[in-house]
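Let's take a walk through this structure together, with the model open beside the text. We will look at a few helices, then at charged side chains, and finish with the model's confidence.

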Amino acid sequence: MIAAPEIPTDFNLLQESETHFSSDTDFEDIEGKNQKQGKGKTCKKGKKGPGEKGKGGNGGGKPPSSSNRMNGHHQQNGVENMMLFEVVKMGKSAMQSVVDDWIESYKHDRDIALLDLINFFIQCSGCKGVVTAEMFRHMQNSEIIRKMTEEFDEDSGDYPLTMAGPQWKKFKSSFCEFIGVLVRQCQYSIIYDEYMMDTVISLLTGLSDSQVRAFRHTSTLAAMKLMTALVNVALNLSINMDNTQRQYEAERNKMIGKRANERLELLLQKRKELQENQDEIENMMNAIFKGVFVHRYRDAIAEIRAICIEEIGIWMKMYSDAFLNDSYLKYVGWTMHDKQGEVRLKCLTALQGLYYNKELNSKLELFTSRFKDRIVSMTLDKEYDVAVQAIKLLTLVLQSSEEVLTAEDCENVYHLVYSAHRPVAVAAGEFLYKKLFSRRDPEEDGMMKRRGRQGPNANLVKTLVFFFLESELHEHAAYLVDSMWDCATELLKDWECMNSLLLEEPLSGEEALTDRQESALIEIMLCTIRQAAECHPPVGRGTGKRVLTAKEKKTQLDDRTKITELFAVALPQLLAKYSVDAEKVTNLLQLPQYFDLEIYTTGRLEKGEEPDEDDAYQVLSTLKRITAFHNAHDLSKWDLFACNYKLLKTGIENGDMPEQIVIHALQCTHYVILWQLAKITESSSTKEDLLRLKKQMRVFCQICQHYLTNVNTTVKEQAFTILCDILMIFSHQIMSGGRDMLEPLVYTPDSSLQSELLSFILDHVFIEQDDDNNSADGQQEDEASKIEALHKRRNLLAAFCKLIVYTVVEMNTAADIFKQYMKYYNDYGDIIKETMSKTRQIDKIQCAKTLILSLQQLFNEMIQENGYNFDRSSSTFSGIKELARRFALTFGLDQLKTREAIAMLHKDGIEFAFKEPNPQGESHPPLNLAFLDILSEFSSKLLRQDKRTVYVYLEKFMTFQMSLRREDVWLPLMSYRNSLLAGGDDDTMSVISGISSRGSTVRSKKSKPSTGKRKVVEGMQLALTEESSSSDSMWLSREQTLHTPVMMQTPQLTSTIMREPKRLRPEDSFMSVYPMQAEHHQTPLDYNTQVTWMLAQRQQEEARQQQERAAMSYVKLRTNLQHAIRRGTSLMEDDEEPIVEDVMMSSEGRIEDLNEGMDFDTMDIDLPPSKNRRERTELKPDFFDPASIMDESVLGVSMF
C-alpha cells in the first residue's frame, strides 16, 4: 500500500484511445495481433468507462471515511500504517486473510488496491521508490519502470530474494504463497474482469526485461508462480468442462418425453461460459509464457534460469494433457547443457517428477530417445549433486522401460558403485540392484520359504560375486557392499545362504563355485559382516563415525547376535575346509572380532563345551526339582533361602550364571518367602519371625532389582514379575481383615525402585511387534509365537498396573502408561482404560492430575524433537489432541461427579502453558502456550459456572496485550478462551477472537444456568478476588473431604493377576468455590476494569461486524462453490537457489518490435480439447533442434 494523500476517489484512468505507449514499454499488449478482441484481451492497461465513474470507490467523489480499511490496516491522515509488502514480510498473518483483505479493498476501490499490488512487486524487488496515483494516471508504463530504476539503490547488490537470514528465507516462501493464494481466491470472477490480471501481467512482463537484476529476478519468480496458479485454474476449468459435457450428452440422449430442455439450455450456457473462461486463461498463459519464460529461461543469471525450468516442470506434471509434449520438453532438454550445475540440477529434478508417473511414459518416448545420451553423460557431472540426480533419473527410466537403456548405458552407471563420493555410489548401487537383483523368475516363487542354497537369494548372491569379479576391482569389495547396503540389506545379510554356498555340495545340475569365486564370496561376506557390526561406511567414504539412533543401535546389537550364533558353528567348518588356502583363512580369521563374546561364551557353555558342564547341569536339575516341589509343599525346614541367596549373589558378582539357573533360583526363593508368610499369618508368631521375614523379603527385593538390569531378557522378566507380586503382597493390603500384627512387614518401594519398574515396562512392553520375538537364527517366529509374546507383555503390563490401582506405587507413575493409550490401543487399550477407571475411583483429582501430566510429557517430548516452532497441524500434535479428547470422554456425562477433578486438570494445564515465559519478551507467547489447544479438549466437561471461574483464573496469567493478539502463534490462547466462554454468560464477557474451539463448540451444553448456580458463580468470583492477594491458600476448597475407598480385598499370594477390587464409589463432593492462585511471575489485571472495557469494545465490534456481514456474504458463497468443485493440486516445493552466471542475450533492439521479437519457434498455449468432443492432435515433428529456436547471432555464444 502507498502513502498517497492526493488520490481522489473518483479519478479515471486514460481512455484506451488516448493512451499511447512507446515501443519500449511492456505494459501494452505484447501479443496484440494474436489476442482475441473483446473479452479475454490480456496485457492491456485497464480502464473504467464513463458509466463506471467512481464505482468501487466511495462513490460520488466523496472522500474516504476515516474508518476505511485496506488490507485490514487502518488509514490515518491518508497514509497507510502498513503496506502490503510489510504485511507479507512480517509473515504473522495467515496468507488467506491477507488476500481476502486485499480482495475486499479491490471491491471497494480497485484502483487503490491495484496500486498497492503494483507497489508490492516494486518493493519486493528491493526498490525504495513508490508508484503514486499521479504517476499511474499520467505516466507511460515504460516511464514508470524507468523512474523506479532511477530510484533503485544497486550499491549493496542485495534485495529480498537474495538476502540471508531466516526472515528473508521465509519471505520468499510467503511471496510465492501470496501469488498462488491471490489467483486461487480470484479464480471465479476477478481474474476475468480484464483489469487486474492485465495490469499485473503487463507489469511483470516489463520488469522481467529490466537491466536491473533485482527487478528481473523478482518479476520472473512472480510471473512463473502466477503461471503455475493459472495452470491450476485451467486444469479445474478443463475438468468442469468435461463434466458439463458428459451431463449434456447424458441429458440429450434421453427420450424426448423425458428430456429436460431447460436443463439442456443451462448446460449449454455453462459450457459456453467455461469455454470463454478457458480462452481467457489461455491468453493469460500465452502472454506470460511468451513474454517472460521464452526470454528468461536463458537469462544471464543462473537463479532466474533455474526458476523457469523448475516451474515448467511443475506445469508439465500438473497439467500433462496441455504441457507434456515435445514443444515444452525441448526447453528442459536444451537447458540440460547449461554451464551452471544448479540449472542442470533443476532440469533433472523436473524430469524425475515426470518419469515417476508411469502413465506419462508414452508422452516421453521421443524426448527420451533424443536426450538419453545427455542424461547418461551427466552421471559423470563435475557437480556431485547433479550426478546423483542423473543416476536417480536413469533408475526411473529403467523402471519405466528396460529396453530404453542399452548395455553400454548401464555399464556407465555400474562402475560408479566404486565412487569415493558416497551419495553417488549409493545412487549407482540402487540402479545396479534394480537392474540385476530386483527381478525374480516365476519358478523362484516356490523357493521363498526355503533357506540356504535352495533359497531365493542363492542366485542373487552368485550374481553379486560374478559382478564383483568382472569389475576387476577386487580390493574394493567394501565399497561395493556399502553402495548396495541401503537398498539390498536383506540380500547382503543372508549369511546363512553364503555359508551354504561355501560348505554344502551343489545340487544336481547346479554348477559349483570356482576357487576364485569362493575367495570373492568370502571377501564379500567379511565386508557385509563388518558393515553390520560397525554401522559406518568404509574408510574413504563419509566424514567419520556418526552417533547412532536408538533403532540403529538395536539393529546393530541384533546383527551381532545373529553373526555370533551363526558363525560360532560355521566358522570352525569353514576354517577346516579352507585351511590350506592362506587368502581365505586370512579373511575368515577376521570374523571373530565382530562377535558378541558374551553370547559366544554363553552359547558354548550351554552346549557343554566347558569343563564344569556336569556341575552346572546338576545345579540346574536340582533347582528344577526343588522349585516344583516347593510350589505345593512347605520345605522351610531346609533353609533354602540361604542357598538360593548365595547362588543369586554369585550370579550378580560374576555375571556368568546361566539364565535357567537364575530363573529357577528366583522362583524358588519367592516360594520360600510366601511359605514363611503363610505360616506367620495362620499361627501365632514371634517378633523374631517377623523381623527375619522382613529382612529376607527386603534383601530378596534388592536382588530382584539388581536382576532387572541383567542382559538376559528372560531373567529380567522373571525378576520383574516376582517383584510385582512381592510388592503387592507386602503392601498395606496385608493388614486388611484384622491383621494389624503384620504391620512391620509392610514395604513401600522407594522412588528408585519405582523408576526401574516403570523403565522396564517402557522398554519391554511398549515396543513394536517386530522388535520382539526373534528366533535363534534371527528370523521372525510364526503367528503363534507373536500371539504368545503379546500375551506375555500384557501380563507384564497388568502386573505393574495392579501396583498403581492398589496404590503400591505413586499414581503419577501412571502418566507414562496413560500416554501410550492411543499408540498401543489394539494391544493394551483395555488394560490402560481399566487402570484409568480404577484410579479415578480411588482419587478423582489425582487421576485428573495424572492424565494432564501424561499430556504434558508428550508435549515436552514433541518440543524436544521438533522445537518450539513446531507445526500445530503435524501428526504428532494432532495425536496428542486426539489423546486428550479420548481422555475427556472417559469422564462420562455426569459433570457434577467430576467437577473438582476437571477444574484441577484445567488449573494444572493453565499453569503449565504459562510456566515458561518467552525469552524474547512479553510480546511473544509463552513457550508452552500451544498446550492450551490440547487443554481445550476438556472444556466441554466444565460446568457453565466453572468455565467462568477457570476463565478468571486464566486471565491472571494473561496481560492485557495478550487478549488483543490475533497472530497465528496466539491461536491456542484464543481457542482456549473461546472454549471457556462457549455456553457462558455472554453479558459479562466478550469474545475478542473470532476463532472457536472445535471440541468446546461441539460438546458444550447450551442450557441456561439456574438461579442457584448463578449464585454459586458469584460466590466463586468473590472468592477469587479475595484469594488473589493470598499466596498460601489452596486452589480448591471443598465442602467435604473426598473419602478414601474402603480397603480392597487382599489378592491371592501366588497369582500374577489380581482379583478385581470391589467397585466402591466415594461420595460425590460438590465444589462450592475455587480459590485459584496464580504464578507469581505474572501480574493480574483488575478484572472489573477489564470487563467494562471489553463490554464497550464489544458494542463497537458488533456494530462493525453487522456492516461487514453483508459484504462478506458474497465471498462466502464463492468460497463454498470453490470447495465444491476445486481439485487440489499442490505446487512443488522450491529447491535451493543457484548462484552462478551465464551469457544473456542482449535486450537492446528486441523491444522495438515485440511481434517480430516473437519470431522464435514458440507456440500459443492451446489447452487440450474435451476428450468427448475431439481427438488429441498428433505430435509435431522433432522440435529438439536448437537451431530451430536459437540463432547464434542473437545468443552471442552457443549453449551447447
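Start at helix 35, which covers residues 844–866. This is a predicted model, and helix 35 is a nice place to check its geometry. Its 23 residues stretch 33 Å from the first C-alpha to the last, close to the 33 Å expected at 1.5 Å a residue. Now look at the two ends. At the start of helix 35, Asp843 brings a side-chain oxygen to within 3.2 Å of the backbone nitrogen of Ile845. Just beyond the other end sits Gly867, with a positive phi of about 85 degrees.

Next, turn to helix 3, residues 110–124. With 15 residues at 1.5 Å each step, the expected span is 21 Å, and the end C-alpha atoms are indeed 21 Å apart, so the two values agree. The N-terminal end of helix 3 is capped by Asp109, which places a side-chain oxygen 3.1 Å from the backbone nitrogen of Asp111. After helix 3 comes Gly126, whose phi is positive, near 90 degrees. How many of the 15 residues of helix 3 are buried? The count is 15 of the 15, so helix 3 is largely enclosed by the rest of the structure.

Now for the charged side chains. The model holds 36 salt bridges, and a few of them deserve a visit. Arg213 pairs with Glu303, their closest N and O atoms being 3.0 Å apart. This pair links distant parts of the chain: Arg213 belongs to helix 8 (residues 213–252) and Glu303 to helix 10 (residues 302–318), 90 residues apart. Are the two partners buried or exposed? Arg213 has a relative accessibility of 29%, so it counts as partly exposed. Glu303 has 6%, which means that it counts as buried, since the cut-off for buried is under 20% relative accessible area.

Stay with these helices for another salt bridge, between Glu311 and Lys225, where the closest N and O atoms are 2.9 Å apart. Glu311 lies in helix 10 and Lys225 in helix 8, so this pair ties together parts that are 86 residues apart in sequence. Here Glu311 is buried, with a relative accessible area of 1%, and Lys225 counts as buried too, at 4% relative accessibility.

For a salt bridge within one helix, go to helix 34 (residues 825–842), which holds both Glu834 and Lys838. Their side chains meet at 3.6 Å, N to O, and the two residues are four apart, about one turn of the helix. Glu834 counts as partly exposed at 31% relative accessibility, whereas Lys838 is buried, with a relative accessible area of 4%. Salt bridges can also share partners: Asp209, Arg216, Arg296 and Asp299 are joined into one network in this way.

Finally, how confident is the predictor? The protein averages a pLDDT of 74, and 70% of the residues score at least 70. Some stretches call for a second look, including residues 774–779, where the pLDDT is below 50 and the model shows eight contacts beyond near neighbours in sequence. Residues 1121–1162 also have a pLDDT below 50, and this stretch has 104 contacts beyond near neighbours in sequence.

Definitions and conventions
Residues are numbered from 1 along each chain as its sequence is written. This is a predicted model: local features need pLDDT of at least 70, side-chain atom pairs count only at pLDDT 80 or more; totals for chains, interfaces and linings use all residues. Side-chain values use heavy atoms; hydrogens and water are left out. The expected span of a helix is 1.5 Å times one less than its number of residues. Buried means under 20% relative accessible area, exposed over 50%, partly exposed in between (1.4 Å probe, protein chains only). A polar contact is a pair of N or O atoms within 3.5 Å; within protein, one must be able to donate a hydrogen and the other to accept it, and residues adjacent in sequence count only if both atoms are side-chain atoms. A salt bridge is a side-chain nitrogen of Lys or Arg within 4 Å of a carboxyl oxygen of Asp or Glu. pLDDT is the predictor's confidence in each residue, from 0 to 100. Contact means heavy atoms within 4.5 Å.
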